[in-house]
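Biologist: Hello! I am new to this one, so could you walk me through it step by step?

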Amino acid sequence: MSARLPISSSPPRAIALPQVASHFPAVPPPVDVMLTVLPPQPCPYFADRVARIRAIHATRIEPEMYHDFMDAGFRRSGRMLYQPVCAGCRDCVQIRVPVASFAMSKSQRRTWRRNADLLVRITRPRPTQEKYDLYRLYLRDRHDGQQEDSRGAFEAFLYESPARSVEFEYRLPTGRLVAAGICDLCSRSLSSVYFYFDPDESRRRGLGNYGALREIAFAREQGVPHYYLGYWVRHSPTMDYKSAFRPNEILCGDGQWRTAADHTG
């Protein structure tokens, strides 16, 4: 799932168009577009590093074209498509699961059973006050109360999508919402965009892992061959859970997908 990034309602001001320095170039986008290199910001994964991305603002993009952007190492945040171009670092790499060959581990099967009582509804994304309240609860737990988004920022981040998106709602038998997940869908992939949940319920249920399992199950039901989990960040403990969905494949620096066991960076 993707790191949270600031977005705006208009394209960001261009800083520079050439690729910034790195130990190998970023994969080029699938079409000829003008990319904006944004100013450096603190790395969300490593305190001693500086992050940089190049991006483009998209009002609308065909689902299959967005898939091609993902296969070039891009993700999206709201209407912004972005790609890491950090100087000297390429630890953020796309990870995906071949749906047909995915097999749950013992731990994942236990998580699946623990959540068998949840009611799951899959529909078009729709922001509501109920979801905003859950999102704020999630942020307070994950960010020690230091991050607070307005209702408008919440909708821009999660519910303004240039692609074809679907939303998963997870409810207790009583009807109370305990989790929600946004995904982008096309014939070749289901891509997890963001998942937020009730922290208290998740301590017993493992809602984050269950959400990924449920999304993989949906992809299988729809005949979608690959499930994209976003960036896997090497050496970052918070990203370790993504590699537990096996088998999985990593997008390498030459633009080719390889099994994680074969990945050499």
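Modeller: Happy to, and a definition comes first: two strands pair if DSSP finds at least two bridges between them. Helices (H or I, at least four residues) and strands (E, at least two) are DSSP runs, numbered from the N terminus. This is a predicted model, where local features need pLDDT of at least 70, side-chain atom pairs count only at pLDDT 80 or more, and totals for chains, interfaces and linings use all residues. Residues are numbered from 1 along each chain as its sequence is written, and side-chain values use heavy atoms, with hydrogens and water left out.

Biologist: Over how many bridges do S7 and strand S12 pair?

Modeller: Strand S7 covers residues 92-98, and S12 covers residues 226-233. One of the contacts places Pro98 of S7 with His226 as its bridge partner in S12. The two strands pair in the antiparallel sense, and the bridges between them number 7.

Biologist: Which residue of S13 does Arg96 stand opposite?

Modeller: S7 also pairs with strand S13, residues 249-251, in the antiparallel sense over 2 bridges. Opposite Arg96 in S13 stands Glu249.

Biologist: How many of the 7 residues of strand S7 are buried?

Modeller: Buried means under 20% relative accessible area, exposed over 50%, and partly exposed in between (1.4 Å probe, protein chains only). By that rule S7 is mostly covered, and its buried residues number 6.

Biologist: Which strands stand at the edges of the open sheet of 4 strands?

Modeller: The order in that sheet is S1-S4-S6-S5, with antiparallel pairing. Each edge strand has a single partner strand, so one side of each is left without a neighbour in the sheet; these are S1 (36-37) and S5 (75-77).

Biologist: Which residue in S6 does Ser77 stand opposite?

Modeller: S5 is joined to strand S6, residues 80-84, by 3 bridges, and the two run antiparallel. Within S6, the residue opposite Ser77 is Met80.

Biologist: How many salt bridges does a search of the whole structure find?

Modeller: A salt bridge here is a side-chain nitrogen of Lys or Arg within 4 Å of a carboxyl oxygen of Asp or Glu. One of them joins Asp254 and Arg258, with the closest N and O atoms 2.7 Å apart. Asp254 is partly exposed at 46% relative accessible area, and Arg258 is partly exposed at 31%. Over the whole structure, the search finds 23.

Biologist: How many residues apart are Arg171 and Glu130?

Modeller: Arg171 forms a salt bridge with Glu130, the closest N and O atoms being 2.9 Å apart. This pair links distant parts of the chain, with Arg171 in strand S9 (residues 165-171) and Glu130 in helix H3 (residues 129-142), and the separation is 41 residues.

Biologist: What is the relative accessible area of Glu167?

Modeller: Glu167 meets Lys131 in a salt bridge (2.7 Å, N to O). That pair also links distant parts of the chain, Lys131 in helix H3 and Glu167 in strand S9, 36 residues apart. Lys131 is buried, with a relative accessible area of 1%, and Glu167 is buried too, its value being 0%.

Biologist: Which residues are linked in the network of salt bridges?

Modeller: Both pairs just described belong to it. The members are Arg121, Glu130, Lys131, Glu167, Glu169 and Arg171.

Biologist: How many disulfides does the structure hold?

Modeller: A disulfide is a pair of cysteine sulfur atoms within 2.5 Å. The sulfur of Cys86 has its closest cysteine sulfur in Cys89, 5.6 Å away, which is too far for a bond. The number of disulfides is 0.
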